[in-house]
Amino acid sequence: MAKTQAQVQAASEKAVSRIRMQIMWNRLLAVVEEQGRTLVRTGFSTSTREAGDISAGVFEVHHGRMLAQAVTGTPGHINSMAESVKHFIRRFPVDTMKPGDVFITNDPWMGTGHLHDFTVVSPVFRSNDKGGSKVVALFACTTHVVDIGGIGLSADGRQVFHEGLQVPMMYLASEGQVNEWFLEVVRENVREPVQVVGDIYSLVACNEVGGRRLLAMMEEFGLETLDELSNYIIKTSRQAKLDAIRKLPKGSWKNAMRIDGYDTPVDLVCTLTIADDGITADFTGTSPESPYGINVPHCYTDAYCSFGINCVIAPHIPNNAGSLSVINVVAPEGCLLNARRPRAVAARGTIGQMLPDVTYGCLQQIIKGGVPAEGTSGLWSMVLFSAYGRTDPQYKYPEKHTPFDIMIFHCGGAGARPTLDGLNATAFPSGIRNVPVEITETITPLVVWKKELRPDSGGPGRFRGGTGQIMHIANREKAPFAISARFDRVIFPPRGRAGGIKGANGWAGLESGPAFRPKGIQTVPGEDMLIVEMPGGGGYGDPRRRDPQAVARDVLYGLVSRESAAHDYGVVVSDDGVIDEAATAALRTKPAPAPKPARKG
């Protein structure tokens, strides 16, 4: 039956409406990206301006649901911040907010998982024809500050009280007046007051820019509220994610992964259940809470578990309250992934960032050839500092020395992918950037004598695991300095998939020989040097099926030694990358021997 003119016109108007909504949605994504970039460009600390350890997003006012997030940022901040705004509006109802109000907290259980992250929320007011104004949106952002007092960013804490200054949800500014009392308390409790307070002001500026850009957008499109757009974004994203999930087999799959822990290994256990109404990740069976600071609040568990699943199931769907709502994360209270107050949580990232690998072990059973091998996953970031009382007292300071406190982000190799090698020295799942060594050397007396890719660290496979890094660091003033290590994959390296071999274990210690514990504060004597060797990602597929030319290229680039090429891949190659075809053919007819451990650099 032919459509009537009215039906044709109605369909046309509906299509135009959808196009208009999509244009506004894209504009909103541009708004939050500028919001996030403002934070990076105005930040004081290396974690903000160099590493991008931030998040930024816009939220609707009725329920605190996230509408859009900046691509610039990390999943641990973004996805946990998605829930934290709901806590803010319960504490400060929207109808009580006034223009110029700004709110702040670093509560690990209501923010992003540990005290070093400040989350700031700012309401955006739009004037109306009656001379008044009302809140039309909330902007939120988070950054990791270099210090928050206490023992510093360390896994050594036994309670959250050891870990620094706790800031409950409170006013950072009230009707445009900054809470100077709060800032004075911060200055008196941190070792780097200029950097920390500077970053707090950057958080405020970040939200202000987002608010201005949103009001300009609303003016351009003639919007009095974001209600219609909010409902469209959340409904469309939720339905798109459900459509993707409904294409998957239904049922439950289980995976377990053992990692180093603090003083004893810990097990991360996940049962992934797929149903028509969403996905549930249940971490029942995971190790109990630790007496040390590797515990993970549920908000951070939720953040990285959801992110990992989204990367595989539907990475093209924007991240917001709608797409996140179809993933339910369950972790029994009192386990390592749902730590109770006042457990120590400073190093929660070391454990939480392993969760995508755990869920991928389940998804690998569902989507054959659809997920990567395990990677280093947890960042090998280093908190380095030097000052009286912060290093082992047996090591003496020279008369002239420079106290400092810095956090530098670095990472090992990512797991090999089903059709591609793993990424070298790449932070997945966090997305944090490596801090350039020139920055570290400019603002501290440290010298990075070596920073290079670590040969033979990537797990052998048809597709090779990403390689880790080797770093040598010393103090040019010959003064002792300390490292707060929060490393993993030292005892249990990343595992390969589909016949791929595990990556290399990590290692940290002194040039003089002694190894450091993977976690905890330890001193580098003034005359010695810190050596850090980061793990490599696991390989994917049978190493003997790797393209010999790819092996030869790896040898030429120094990523794989000639010994490993022959032993692991069955490829005989010279230092200049020329393959001995006859020797290779003979070697590849023999069964592959057990893989050798990576050599210590």
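A cavity here is a set of grid points where a 1.4 Å probe fits but cannot get out. Keep that in mind as you click through this model, which is predicted.

**Stop 1: the small enclosed space**

Start with the second largest cavity, which holds about 40 Å³ of space. To find it, select Thr376, Ser377, Gly378 and Leu379, then add Cys411, Gly412 and Gly413, and finish with Thr426, Ala427 and Phe428. That selection is its lining. Colour the lining by class and you get 4 nonpolar and 6 polar residues, with no charged ones.

**Stop 2: the largest cavity**

How many cavities of 30 Å³ or more are there? The count is 2, and the largest has about 180 Å³ of space. Its lining runs to 20 residues, and to land at its centre you should pick Asp53, Tyr300, Arg348, Gln353 and Leu379, the closest ones. Leu379 should look familiar, as it also lines the second largest cavity.

Now show the helices around the largest cavity: H3 (75-91), H7 (298-313) and H9 (348-352) each give two or more residues to the lining. Which of them gives the most? That's H9, with 3 residues. By class, this lining comes out at 6 nonpolar, 10 polar and 4 charged residues.

**Stop 3: the largest pocket**

Next, go to an open space. The largest pocket has about 830 Å³ in it. Select Pro75, Phe307, Cys311, Phe428 and Pro429, which lie nearest its centre among 39 lining residues. Helices H1 (5-42), H3, H7 and H10 (355-366) are the elements that each put two or more residues into this lining, and H7 gives the most, with 4. Count the lining by class and you'll find 21 nonpolar, 15 polar and 3 charged residues. Phe428 is worth a second look, since it is also in the lining of the second largest cavity.

**Stop 4: the nonpolar cores**

In soluble globular proteins, nonpolar side chains tend to be buried together. For the case at hand, select Leu268, Phe283, Ile313 and Leu337, the residues that touch the most other members of a 45-residue core, the largest nonpolar one. Helices H6 (227-245), H7 and H10 supply at least two residues each, as do strands S8 (251-259), S9 (266-275), S10 (278-282) and S11 (327-330).

Zoom in on Phe283. Beyond its neighbours within four places in sequence, its contacts include Val269, Cys270, Thr301, Cys305, Leu337 and Leu355. Also on the list are Val329, Val330, Ala331 and Pro332.

Apart from this core is another, of 35 residues; Leu384, Cys411, Phe516 and Val524 are among them.

**Stop 5: Gln469**

From Cys411, step across to Gln469 in strand S15 (residues 469-475). Is Gln469 buried or exposed? Its relative accessibility is 2%, so it counts as buried. A polar atom of the Gln469 side chain lies 2.7 Å from the backbone oxygen of Cys411, and the side chains of Gln469 and Lys451 share a polar contact of 2.5 Å. Show what else Gln469 touches away from its sequence neighbours, including His410, Ala425, Asn434, Val532 and Met534.

**Stop 6: out to Thr4**

Finally, select Thr4, in the segment before H1. It has a relative accessible area of 42%, so it counts as partly exposed. Draw a distance from Thr4 to Pro525, C-alpha to C-alpha: it comes to 85 Å, with their positions 521 residues apart in sequence.

Definitions and conventions
Residues numbered from 1 in each chain as written. Predicted model: local features only at pLDDT ≥ 70, side-chain atom pairs only at ≥ 80, totals over all residues. Heavy atoms only, no water. 1 Å grid on protein atoms, 1.4 Å probe; cavity = no way out; pocket = protein on both sides within 12 Å on 5 of 7 lines; lining within 4 Å. Points joined across faces, edges and corners; volume = space filled by probe spheres on them. Nonpolar A, V, L, I, M, F, W, Y, C, P; charged D, E, K, R; others polar. Core = buried A, V, L, I, M, F, W, Y, C linked by side-chain atoms within 4.5 Å. Buried < 20%, exposed > 50% of the residue type's maximum accessible area, 1.4 Å probe, protein only. Contact = heavy atoms within 4.5 Å. Polar contact = N/O pair within 3.5 Å; in protein donor to acceptor, adjacent residues only side chain to side chain.
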